[in-house]
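This report walks through a structure one region at a time. Please keep the sequence and the 3D view at hand while reading.

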Amino acid sequence: MLKRDLILRNPIQTLAGEAESILHAGQFGGILARAGVGKTALIVQIALHAMLHGRNVVHVSLNQPVTRTNLWYREIFGHIARELQIERAEALWEEILPHRFIMTFRTEGFSVPKLEERLTDLIEQNIFLPRMLIIDGLSFEEPPREALAGLKHYARLNELGVWFSIRTHRDEEPATGGLPRQIAEVEDLFEVALSLVPAAEEVQVNVLKGASLPSARDRLALDPATMLVKSRVS
Amino acid sequence: MKKDIRFVRNIGISAHIDSGKTTLTERILFYTQRIHAMHDVKGKDGVGAFMDSMELERERGITIASAATFCEWKGHEINIIDTPGHVDFTIEVERSLRVLDGAILVLCGVGGVQSQSITVDQQMRRYRVPCLAFINKLDRSGANPQRVLDQLRQRLGHTPVALQIPIGLEADFQGVVDLVRMKALYFDGDKGQAVRVEEIPEALRETARIQREALIDAASLFSDELTEAILEERPVSEEMILAALRRGTLERRITPVLLGSAYKNKGVQPLLDAVCALLPCPADIENEALDMDRGEAPVRLSSNADDPLVALAFKLEDRSYGQLTYVRVYQGTLAKGETIVNVRTGRKIKVGRVVRMHSDQMEEIDSIPAGYIGALFGIDCASGDTFVSPGLSLTMTSMFVPAPVISLAISPKNHKSEIGLSKALNRFAKEDPTFRTHTNPETGETIISGMGELHLEVYVERIQREYGAEVTVGAPRVAYRETITQRAEFDYLHKKQTGGSGQYGRVAGWMEPLAEGDFVFENQVVGGAIPTQFIPACEKGFRECLAKGPKMEFPVTGIKIVIHDGASHPVDSSDLAFQQAARGAFHQGYFKAKPVIQEPIMKVVVETPTGFQGAVMGSLNQRRGMIVGSQDEGSFCVIEAHVPLAEMFGYSTVLRSLTQGQAQFTMEFLAYRQVPQAIAEELEKKAAAQKKNVA
């Protein structure tokens, strides 16, 4: 199977509609869920989708070492390869790998200016020109509005789409406006928000804001066995 | 020799270079009264620490060859293998891990878990070696045991359980609090030999209480008795805690952590106590051998000294009085005067002298029972050979030996050196399976190959020092390979029927890429198109083409050849004719199969202060490196990249000047990958120029 087919058959494409990617340059997207539901799995699939398109992704992980983050990619890619029965999966993996750069920080050592400094290092030296930034593990308990606004500015300047994984809590009421508390205060900065909700036999992917699901009948869900996104036509 | 196997410990001391393991070993030997003076690794007295028996190691302050040594502590017999810390010598590390039952992972209290520790840890995991961690150098400024504990958890994925807390740190480091016994331990005397047990200082009591609770909590997972005692609020005894910790350690589910400073003689004796209390004895470990008579089916070994013998030669050393072979006995007893069989060669050997090694001194013994490590004299074998009692046909699992990735030409400067060189090469190749040597048939040059620049450098130095051979070496060369990328058909007729005896043979079939393995030959000829007796000749013809690929004269790998048709002549066909035909067929098909050049890619891990991160990434990027990621660790960061070996020559110098000597890197072979077009063209140009020069 060719890369092209892989892109087309990826249910994540549904969220992007006609466009190449869900987020455009300078836009923020959030994936909200409770701990352990599959935020990282979904965000890695979004990253792989971008990598297949040949777009460079910087994956910032705030509590996992590089090897573990890499393992997420390997696992998810392995599942996709098996699911779609890709021949020469290894060669394809080698081909897309250069489009990814993992950066890990300790949670306490992380700050947006520090991240910007590192990214600038990469861009100026022409080492890696990211088109997508993924920030996995940043706490939104008290959303750092100022820092996020700064990052938004940086993202616009450098034409980056930025995805965040945002942890919510089990028994919390949504804020006024229906969005989870964690994102409600900084809602204006986010163009897209998706939530993951565990249901009986799968994890539903709901669109809270932005992104397109062409018809109301299209539903996306994560298969709990492989954590892969699948489209569900109900 | 005592016979109770429960009191035997075969342990290794593994760690990052410079985290102080040789000093630690030295102290252990001193406290166990095997040596009577202590020296430093890079000591001013010029004697050097005891375990580094090779001159070169002494000079570089690193341990290259693992010497096995033996000592006794509180009724336990401990065999220690001092393992090398540099990644280029990992075959040595792996080989020692194979024969160990447990290990001490030494970590630097300042530097913490460094990249080499990660490699060593992975190896320990592969061989499922239970381990203790020893956080060393707590007297140094910047020492922070808590950070190292966190790193153990985060970077190595261990579940560390602290058995001690420090009393003071850095220059004020005085001793440790033993959380199991709830006592403070100080180390008195000019060499720390007297352990003084006191009450815990007031200021640390609360911390100690909390930490002890955490310790008991972790241990209770492995003992119902302990859990019950806690629930019923009965007093928890020292034995209960140790028994639970031991179970957890043996299952590799926890890593007990001890603290100290070997250099300042603090914390070594409690570590020895922990080795005896928590690490496994040989009987705790299941060892398997492969039965050669039953298709290498695994067989469990009994670790019983009365059963037939199974022993592994894991290390050879060339002494002035002949070859010394280190062996680990897994089952039975290896006794003086008995006859044993080398499974690989099938040869019978009579056991002469049996010794127990203490670094480079030795003690004569009569036998080595199961579970023990010892050495034999005057036995001709290669390392990795298995010895058994006559009648058995078992082999210890063969160890994974990676193929060498780098080579260089070496030639003696005079006749005297020629003899020394050949002796040296012969010995090194026997001792170290990753070090190989061959003669280039065209240039007549002697080529040595190994796992990295430093690997070969060390051997070149040893050739000069130990054998007094003066040699000149060529520039290091990367071991490129050729392979094909698509299927291609061939149909070749070799025919010479003019004058003299004729030659006739036709070979047809196809070649295709092979995902795993170097070469597969398949015969699908039916109906005698090629008579059966000529099929081996065809295979031989193809095989001969592999050594030197038609594209760039690099070895060809990853290729499958299938023949399905051909023709022969009743008189003119011969082995030679079909070999020629196969060669012709190979050349015919090869270029249609789109051959490419592959080069070895190394996994490079650089640790650098954060300030130099950009510069280091730049340097890797310039070297065609693909940076996998960077890991921020506060004051320093770890960068992982995949870089072609060809670009890594001299990188240590570059890195040093880029970072004011503050960064270090490790490198290991990752995979073979296709060379980019531009580089391939350059290589082709170079090869063409070389050919011209030769002509």
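## A sheet, a helix pair and a contact between chains

In this predicted model, chain B contains an open sheet of four strands in the order S7-S8-S9-S10, with antiparallel pairing. Strand S7 (164–167) and strand S10 (194–198) of chain B are the edge strands, each of them pairing on one side only. From one strand to the next, the twist averages 30 degrees. S7(B) pairs with strand S8 (residues 175–178) of chain B in the antiparallel sense, over four bridges, and within this part of the sheet B:Ile167 has B:Gly175 in S8(B) as its bridge partner. Helix H6 (residues 202–220) of chain B packs on the sheet, where H6 touches S7 and S8 of chain B, and the direction of this helix makes about 165 degrees with that of S7(B).

The next region is a pair of helices. The axes of helix H1 (residues 21–31) and helix H9 (residues 268–278), both of chain B, come within 10 Å and cross at roughly 85 degrees, which means that H1(B) is roughly perpendicular to H9(B). On the side of H1(B), the residues that take part are B:Leu24, B:Arg27, B:Ile28 and B:Tyr31, and they meet B:Val268, B:Gln269 and B:Leu272 in H9(B). Sorted by class, this contact of H1(B) with H9(B) has five nonpolar residues, one polar residue and one charged residue.

How many of the eleven residues of H9(B) are buried? Nine of them are, so H9(B) is largely enclosed by the rest of the structure. Among the buried residues of H9(B) are B:Val268, B:Gln269 and B:Leu272, each of which also meets H1(B); the buried residues of H9(B) further include B:Pro270, B:Leu271, B:Ala274 and B:Val275.

A residue from elsewhere in the chain offers a contrasting case. B:Arg319 has its place in strand S14 (residues 310–319) of chain B. Is B:Arg319 buried or exposed? With 11 C-beta neighbours inside 10 Å, B:Arg319 counts as exposed, because a residue is classed in that way when 12 or fewer other C-beta atoms lie within that distance. Between the C-alpha atoms of B:Arg319 and B:Phe377, which are 58 residues apart along the chain, the separation is 9.7 Å.

The contact between the two chains takes 17 residues from chain B and 15 residues from chain A. On the side of chain B that touches chain A, helix H14 (613–622) and strand S36 (626–632) of chain B each supply at least two residues, and the largest share, seven residues, comes from S36(B). By class, the residues on this side of chain B divide into four nonpolar, nine polar and four charged. Strand S3 (residues 100–104) of chain A pairs with S36(B) in the parallel sense over three bridges, and A:Thr104 has B:Gln631 as its bridge partner in S36(B).

The two strand pairings described above are set out here.

| Strands | Sense | Bridges | Bridge partners |
|---|---|---|---|
| S7(B) and S8(B) | antiparallel | four bridges | B:Ile167 and B:Gly175 |
| S3 of chain A and S36(B) | parallel | three bridges | A:Thr104 and B:Gln631 |

Finally, some totals for the chain as a whole. Chain B has 16 helices and 38 strands, and 48% of its 695 residues count as buried. Of the contacts in chain B with a separation of 6 or more, 71% are accounted for by residues 24 or more positions apart.

How values were computed
Residues numbered from 1 in each chain as written. Chains lettered and ligands numbered in written order. Predicted model: local features only at pLDDT ≥ 70, side-chain atom pairs only at ≥ 80, totals over all residues. Contact = placed C-beta atoms within 7 Å. Nonpolar A, V, L, I, M, F, W, Y, C, P; charged D, E, K, R; others polar. Pairing = 2+ DSSP bridges. Axes fitted to C-alpha atoms, helices over the stretch in contact; angles between N-to-C directions. Parallel < 35°, antiparallel > 145°, perpendicular 65-115°, else oblique. Buried ≥ 20, exposed ≤ 12 C-beta atoms within 10 Å, placed from the backbone.
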